[in-house]
There are 2 protein chains.
Amino acid sequence: MLTKSSTEVVRQQNSALVLSALRRKGSLSHTEIAEQTGLASATISVITAELERSGTIAKTEQHVQGGRGRPRVLFAPRRDCGYVIVVRISSDIVQYSLADYGGVLLDRFEEARSHDVSGTAAFGQVFVAALERLLQRSRIAKDRVLAVSISSKGLVAGDGARLLWSPVFGSEELDFAKLLGQDWRARIMLSNETLLVAQALAAKAEEKGDTFKALAAISLGHSIGLGLARKGRSGELDVFAPNFGHMLHASSAGLCRCGSFGCIEAAAGFYGILRAAFEVPSDTIPAKFVPLSEMDKIAAGARQGQRMPGYAFRQAGIALGNGISRLTSLYEPMPIFVTGQGTRYFDLLQKGVEEGLAQSLQVRLEGLPEITVVGDEQRLVFDGHLDRALSAVDSDITAAGHA
Amino acid sequence: MLTKSSTEVVRQQNSALVLSALRRKGSLSHTEIAEQTGLASATISVITAELERSGTIAKTEQHVQGGRGRPRVLFAPRRDCGYVIVVRISSDIVQYSLADYGGVLLDRFEEARSHDVSGTAAFGQVFVAALERLLQRSRIAKDRVLAVSISSKGLVAGDGARLLWSPVFGSEELDFAKLLGQDWRARIMLSNETLLVAQALAAKAEEKGDTFKALAAISLGHSIGLGLARKGRSGELDVFAPNFGHMLHASSAGLCRCGSFGCIEAAAGFYGILRAAFEVPSDTIPAKFVPLSEMDKIAAGARQGQRMPGYAFRQAGIALGNGISRLTSLYEPMPIFVTGQGTRYFDLLQKGVEEGLAQSLQVRLEGLPEITVVGDEQRLVFDGHLDRALSAVDSDITAAGHA
DNA sequence: GGCTTTTTTCTCGACAGTCGAGAAAATAAA
DNA sequence: TTTATTTTCTCGACTGTCGAGAAAAAAGCC
């Protein structure tokens, strides 16, 4: 069902437009905003005045200009308009970061995840305490935090902030919205890690002016993650993380640590490669953790032409290739970006990937998708966090309007 | 990138809202429109006046009412506002239908597809001639046709009206927009057949007030089709047909008639079941056509407990189940509706389907998706055609506005 | 039949939003 | 100090939605 529209919606949309332009470019003058948004000058005046009054943006004093005529005055988001907390949960550490509304990192610390204290309840307490500490260190009141953006590997519920399955907690559900409860008025967001990579890549592509309809990020490591960014009909970006690592590949891939048989991860995750390389029976319960040095050894063997290591990487590549072919079958052909620790073995995977891709009609008709390896996954994840959290905050602000 | 909004967009959106309400319910009074759309009475007056002036809707004379007070006057789409042509291309027959703007069928004829005259060029001529004939029979001018909606099984380009691959023409591309060229001002639409089933089912669900986020239609027959209907964030319906039948299942499924190995269709399409039942080597070139009576025999054998026929249906079910599990992994859990001639064997497929589904983590976490068999596929396809074509026409009308 | 009641539709003025044009502001160049 | 140039701001026009009440049209009542 369509929904009714009104002048208020128009204002909201155009305010959001101005704010997002300002966020992308950092700071813009009145005329630049008009250029960017396509809105009339008069409209810009009204909207900037309102955003300024509500304390969301401010005129900056710097009048950098050479030409003659009245100097441009720049608008920029007010950095002290609010704050954002970013939490990256990985298998061994949890990283807490505090950034301001301008996206500037203010503080950061990490805590090792003690593996003996397991269970979601215990983690919940540690988590809440860490957030409090982060605020105290910078002397920021809790209600000035506009969003808390959390990421983990695993399966995240599409709607709220519930972690359904993760390598860290298994299928013990963890509801962050409930965890922070009434105490925080901030918007609580939980995202799959690779979703954030896709978000960051999409944002960069838009910034560069690259046009794309869809894009996928695949993270290779102990587990396999997928993030998808697609543009809707009206050009708005939809970023989400369907279940890829635990999508069924082939039952021959063996037992996965999620308990199912034949997941992509069971063939292409580190433990899957390890298992295949050492010819361990494929129904063996997978290793909890594979040190990178171990993987490097297998890779070295494969590069020297040893049979089983080579075979293991090739099988992993085929699993990925098949998975990508299914992805492009069910969505559409799109460029693929590969990140994560596993990319250091991409030379070994590549042939298998292409082999796995070539089997499908889609690929035969449309050609191989473009696959690019991108480094610095952690940076991309953090950028994605900020992009996602701040756009959410922006839309909260424009939705609230003058209420 | 967001796009700028204005009062014109508001009007367009609200006009579309009124028109779609009118289309759904057939005819509504002023007050009923206000109820349905949530718009103010005054707004309804303005919008209906404009649509009436442009000849899109009209007041009907019938004042069916018992109560007292001023009688309601009903608005309805003007049936003679324009016409829509629907073409269903199937492997043996092409059906041409003419309907008016009210969705009422005016004329219909079918032409057998002569299998000796193959090739897209020849078909193109026959096709164009048939359209002309359809118009002549009802004495309707070509420029009064607002949309031509064509359906075929196979792979359709997401953008235009290009048939990329079909069981009928193979990978010889067929561009209907180009075929009809400048002669027709109508909007040319090409859809996968199963997409239209999904469209019709989604429309029916909306009508019934059922709430759903997504829904899939799967058509079983000689080939396997998929249609997906999903609601976007703002509640608008997106219906599309990703490649499912030729998505990779497992290379053990054997040679598919598309030329690839291991497509779902190669296991679950009629020819795949036939091949498995008769233990034909799986790299045999598939049968072009399998009579239903032949399938019935195999099914009878399976129901009597014969080994290979039972095995064939079970393998087909597993292929479907695996495919559906991959679909719900990469999208989200959603109800599945099964149509097509193959549904008469669904009892034989079901166990395999459930087995194929149960292998995946997604299903273990969220449970088996609801699978419903629905009959009368042809009717659903036609309903989907009308729904899709007429909504497209409606949005063309509201977009044109008072230009 | 004429008046009242009831229900629906239409109309008017208020309000919100965008836009184009031109006024006002602010600086560099002459 | 004046002029030219560029940017920002302001005003009136236009379009759109909304609420309230007027007008219309039929049924009920006397």
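These legends walk through a few close-up views of a predicted model.

Local features here need pLDDT of at least 70 and side-chain atom pairs count only at pLDDT 80 or more, while totals for chains, interfaces and linings use all residues. Residues are numbered from 1 along each chain as its sequence is written, chains are lettered from A and ligands numbered from 1 in the order in which they are written, and side-chain values use heavy atoms, with hydrogens and water left out.

**View 1. Chains A and B around their axis.** Turn chain A by 180° with 0.0 Å of shift along the axis and it lands on chain B with an RMSD of 0.1 Å (least-squares fit on C-alpha atoms of residues with pLDDT of at least 70 in both copies). That is how a two-fold axis relates things. Both copies use the same surface, as 100% of the contact residues of chain A recur in chain B (contact: heavy atoms within 4.5 Å). Within chain A, A:Thr7 comes closest to the axis, its C-alpha at 3.3 Å.

**View 2. DNA strand C and its protein surroundings.** Count 26 residues around this strand, the closest being A:Ala42, A:Arg68, B:Gly69, B:Arg70 and B:Arg72 (near: a heavy atom within 4 Å). Of the strand's atoms within 4 Å of the protein, 72% belong to sugar and phosphate. Helix α1 of chain A gives the most to this surface, with 4 residues (helices: DSSP runs of H or I, at least four residues; strands: E, at least two; both numbered from the N terminus).

**View 3. Polar contacts to DNA strand C.** A polar side-chain atom of B:His30 sits 3.5 Å from a phosphate oxygen (polar contact: a pair of N or O atoms within 3.5 Å). The bases get attention too: a polar backbone atom of A:Gly69 is 3.5 Å from a base oxygen, and a backbone N or O atom of B:Gly69 also lies 3.5 Å from a base oxygen.

**View 4. B:Phe313 meets B:Tyr345.** Their rings form a tilted pair, 5.6 Å centre to centre with 45° between the planes (Phe, Tyr or Trp rings, six-membered for Trp, with centres within 6.5 Å; stacked under 30 degrees, edge-to-face over 60, tilted for the rest). B:Phe313 belongs to helix α10, B:Tyr345 to the loop between β15 and α11, 32 residues apart. Both are buried (under 20% relative accessible area; exposed is over 50%, partly exposed in between; 1.4 Å probe, protein chains only).

Conventions:
Polar contact = N/O pair within 3.5 Å; in protein donor to acceptor, adjacent residues only side chain to side chain.
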